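Student: I should like to learn how to read the interior and the charged pairs of a protein model. May we work through one together?

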Amino acid sequence: MVITTSAKIKVFADDRIVQPQTPFEAKKSGWHCGLIYDFYNFDYDKLESWCRETFMAGTYAVFTGSVWFVRKSDAVLCKLKWA
């Protein structure tokens, strides 16, 4: 069973967040964009590693060219760190 919260973030009945598969899906679901970057001129591995160490699993999504977060405060922290 899937429930939609007021912020349009899909969650299961047991509070697991449904991970978006594309940036468009993340935006549509109410996630917050933390960073848009040029994939060819950016150290993707460092960014992905930092996100894994800093944030709880399932609360962020790293795509080719952007990073999205469930919480706005996490998105702001990412912008401050990587912009």
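**Salt bridges and nonpolar cores**

Tutor: Certainly; please bear in mind that this is a predicted model. Let us begin with the charged pairs: the structure holds two salt bridges.

Student: Which residue forms a salt bridge with Glu48?

Tutor: Glu48 is paired with Arg52, and their closest N and O atoms are 2.5 Å apart. Both residues belong to helix α2, where four residues, about one turn of the helix, separate them. Arg52 is partly exposed, at a relative accessible area of 49%.

Student: What is the distance between the closest N and O atoms of Asp74 and Arg71?

Tutor: In that salt bridge the distance is 2.9 Å.

Student: Is Asp74 buried or exposed?

Tutor: Buried means under 20% relative accessible area. Asp74 has 11% relative accessibility, so it counts as buried. Its partner Arg71 is partly exposed, with a value of 38%.

Student: How should one approach the nonpolar residues?

Tutor: In soluble globular proteins, nonpolar side chains tend to be buried together. Here the largest nonpolar core comprises twelve residues, including Leu35, Tyr37, Trp50, Phe55, Val67 and Cys78.

Student: Which elements give two or more residues to this core?

Tutor: They are α2 (44-54), β4 (60-63), β5 (66-69) and α3 (72-82). The largest share, three residues, is that of α2.

Student: Leaving aside neighbours within four places in sequence, which residues are in contact with Trp50?

Tutor: Trp50 then contacts Phe55, Leu77, Cys78, Lys81 and Trp82. Apart from the largest core lies another, of six residues, among them Ala26, Trp31, Phe63 and Val70.

Technical notes:
Residues are numbered from 1 along each chain as its sequence is written. This is a predicted model: local features need pLDDT of at least 70, side-chain atom pairs count only at pLDDT 80 or more; totals for chains, interfaces and linings use all residues. Side-chain values use heavy atoms; hydrogens and water are left out. A nonpolar core is a set of buried Ala, Val, Leu, Ile, Met, Phe, Trp, Tyr and Cys residues joined through side-chain atoms within 4.5 Å. Buried means under 20% relative accessible area, exposed over 50%, partly exposed in between (1.4 Å probe, protein chains only). Contact means heavy atoms within 4.5 Å. A salt bridge is a side-chain nitrogen of Lys or Arg within 4 Å of a carboxyl oxygen of Asp or Glu.
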